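Here is a structure to be read with a tutor, one feature at a time. The learner asks, and the teacher answers.

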Amino acid sequence: MVNIGIVGVGLVGSELLAQLKATGAKRLNVVGMTTSKKMVVSNTSYSALDLTQWKTDIQEQGIEANLGVFAKYLSDAPDHGIIVDCTASDAVAELYPSWLELGLSVVTPNKKGFSGPLSLYRSIEGLAGNLNGTGKAPFAYHESTVGAGLPVLSTLSDLVRTGDKVEKIEGIFSGTLSFLFNNFSSLSGEDKGTFSENVKVAKELGYTEPDPRDDLNGMDVARKVTICGRLAGVDLDLSTLPVENIVPGPLQTVASADEFMAKLPEFDDHFAKLNEEANKENQVLRCVGLVDVKGGQSGVKLMKYPGSHPFASLQGSDNIIKFTTEYFPNGLIIQGAGAGAAVTSFGIFSDILKIQGRVE
Ligand SMILES: NC(=O)C1=CN([C@@H]2O[C@H](COP(=O)(O)OP(=O)(O)OC[C@H]3O[C@@H](n4cnc5c(N)ncnc54)[C@H](OP(=O)(O)O)[C@@H]3O)[C@@H](O)[C@H]2O)C=CC1
Ligand SMILES: N[C@@H](CC=O)C(=O)O
Ligand code: NA
């Protein structure tokens, strides 16, 4: 038996609850869930919470949220506990070491703990059995932080652990930017809407970060590049990584996400012009991330590609990530939907099942 506590029941957290309920996953009990304000935990027997009416239960029976109490409740159980962080919060990510010290595993799509301060990453790495090589619980799995549920980090980790030498990891790491540029910048001549209209749709489809500025300013891709780099043995740091911010200057300083979305249409002409310039050269625009293990040129950049390039023919919110290694000199490519609640939760659910397989 494994107990699960979910921190953050927004888009991804609620989809995870729906997937757990729909599959009737055996011997996985959700025994707690919390928002930033209210939490519910089960009884002292750690019975599974009712997943049909959890929203009402949080609203009507929820007590004041307290992540210390929440973690202690899970760690006092006789069975292994996993905290699933489905927030985008730095403050929550900073708590992972304390949870791991309590013996709790962590599963998360939140990029902050693995791409933030190197000291935090090192501390998580030192405590988690899957990252420090001991193979012993507790674990910290974060597959959905890169390429959502696509098996990017598990593949990279396998390459590294089997002694392959990773030279380069490059690709389109953002579902939002993939969707935007696949629609907005193609050579087909088909009108699929303005830049700002596509950002709005990406947000409605659940591809963007809670604050879509984090996608457009390149930081979401930068975080994924940092996570992959660190796993491949390069100590990348967000503060020094070169990141191209495609947001026009006047929009970079607006106060809120709502104001940003409201003002974005004023800059449609700017993006249309960039696209026209690329199209004149028979090229399309794509935002690309690179981990350059050997050459030290890691970063995030808006690039132009001819129609024949694999990056130019992506569909929807697909990501494409290519590993160039000693074993795979011509590249090992992972491609598929890289954003959205369903595929992100799939990655989280798979990580939970991996831990269950190791502790039972
Ligand atoms: N959407 C996607 O395609 C992908 C998303 N991700 C990641 O998944 C994570 C979740 O994204 P998403 O579901 O879209 O975000 P949402 O904003 O929909 O949900 C996050 C939830 O976290 C809650 N929350 C914030 N702070 C705390 C806190 N301190 N304690 C408890 N709950 C808190 C918020 O609720 P409230 O403020 O009401 O408490 C909110 O409902 C993010 O880290 C994102 O980067 C990763 C891969 C793909
Ligand atoms: N906002 C992100 C979601 C997944 O990490 C993206 O668009 O890729
Ligand atoms: Na992934």
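The dialogue below goes through domains, sheets, a helix and some single residues of this predicted model.

Q: Which domains does the domain assignment give for this protein?
A: The assignment gives domain 1 as 2-148 + 342-359 and domain 2 as 161-336. The C-alpha centres of domain 1 and domain 2 are 28 Å apart.

Q: How many residues of domain 1 are in contact with domain 2?
A: Eleven residues of domain 1 are in contact with 17 residues of domain 2. On the domain 1 side, α6 (112-115) and α7 (118-127) each supply at least two of the residues that touch domain 2. By class, that side of domain 1 has seven nonpolar, three polar and one charged residues. Another way to describe an interface is by its size, often given as the accessible area lost when the parts come together.

Q: In what order do the seven strands of the open sheet with mixed pairing lie?
A: Read across this open sheet, the order is β4-β3-β2-β1-β5-β6-β7. β4 (63-64) and β7 are the edge strands, and each pairs on one side only. α2 packs on this sheet and touches β2 and β3 (38-41), with its direction at about 110 degrees to that of β3.

Q: How many bridges join β1 to β2?
A: Six bridges join β1 to β2, and the two strands run parallel. One position to find is Asn3, whose bridge partner in β2 is Asn29. β1 also pairs with β5, in the parallel sense and over six bridges. There, Val7 has Asp85 of β5 as its bridge partner.

Q: Is β2 mostly covered or mostly open?
A: β2 is mostly covered, as five of its seven residues are buried. When looking along any regular strand, remember that the side chains alternate between the two faces of the sheet.

Q: What is the strand order in the open sheet of five strands?
A: The order is β10-β9-β8-β11-β12, and the pairing is antiparallel. β10 (299-306) and β12 (332-337) are the edge strands, each pairing on one side only. Ignoring direction, neighbouring strands of this sheet are turned by 25 degrees against each other on average.

Q: Over how many bridges do β8 and β11 pair?
A: β8 (residues 166-172) and β11 (residues 318-325) pair over six bridges in the antiparallel sense. Glu170 stands opposite Lys322 in β11.

Q: Which strands does helix α13 lie across?
A: Helix α13 (residues 219-231) lies across β8, β9 (283-292) and β10. The helix runs at about 35 degrees to β9.

Q: What span should the 13 residues of helix α1 have at 1.5 Å a residue?
A: The rule takes 1.5 Å times one less than the number of residues. For α1 (residues 11-23) the expected span is 18 Å, and the end C-alpha atoms are 19 Å apart, which agrees.

Q: Which residues of α1 are buried?
A: The buried residues are Val12, Gly13, Glu15, Leu16, Leu17 and Leu20. They pack against β1 (2-7), β2 (28-34), α2 (54-61), β5 (80-85) and α16 (341-359). After α1 comes Gly24, with a positive phi near 60 degrees.

Q: What is the sign of phi in most residues other than glycine?
A: Most residues other than glycine have a negative phi, and most peptide bonds are trans. Arg27 is not a glycine, yet has a positive phi of about 60 degrees. Arg27 is in the loop between α1 and β2. Ala148 is not a glycine either, and has a positive phi of about 45 degrees. Ala148 lies in the loop between β7 and α9 (152-161). The peptide bond from Ala137 to Pro138 is cis, with omega near 0 degrees. Pro138 is in the loop between α8 (129-132) and β7 (140-141).

Q: Is Arg27 buried or exposed?
A: A residue is exposed if 12 or fewer other C-beta atoms lie within 10 Å of its own, and buried if there are 20 or more. Arg27 has 9 of them, so Arg27 is exposed. Ala148 has 27 C-beta neighbours inside 10 Å and therefore counts as buried. Ile334, in strand β12, has 18 other C-beta atoms within 10 Å and is partly exposed.

Q: How far apart are the C-alpha atoms of Ile334 and Pro151?
A: These C-alpha atoms are separated by 7.6 Å, although the two residues are 183 residues apart along the chain. Leaving aside neighbours within four places in sequence, the contacts of Ile334 include Pro151, Val152 and Ile321.

Technical notes
Residues numbered from 1 in each chain as written. Chains lettered and ligands numbered in written order. Predicted model: local features only at pLDDT ≥ 70, side-chain atom pairs only at ≥ 80, totals over all residues. Domains from an automatic or database assignment. Contact = placed C-beta atoms within 7 Å. Helix = DSSP H or I, 4+ residues; strand = E, 2+ residues; numbered from the N terminus. Nonpolar A, V, L, I, M, F, W, Y, C, P; charged D, E, K, R; others polar. Pairing = 2+ DSSP bridges. Axes fitted to C-alpha atoms, helices over the stretch in contact; angles between N-to-C directions.
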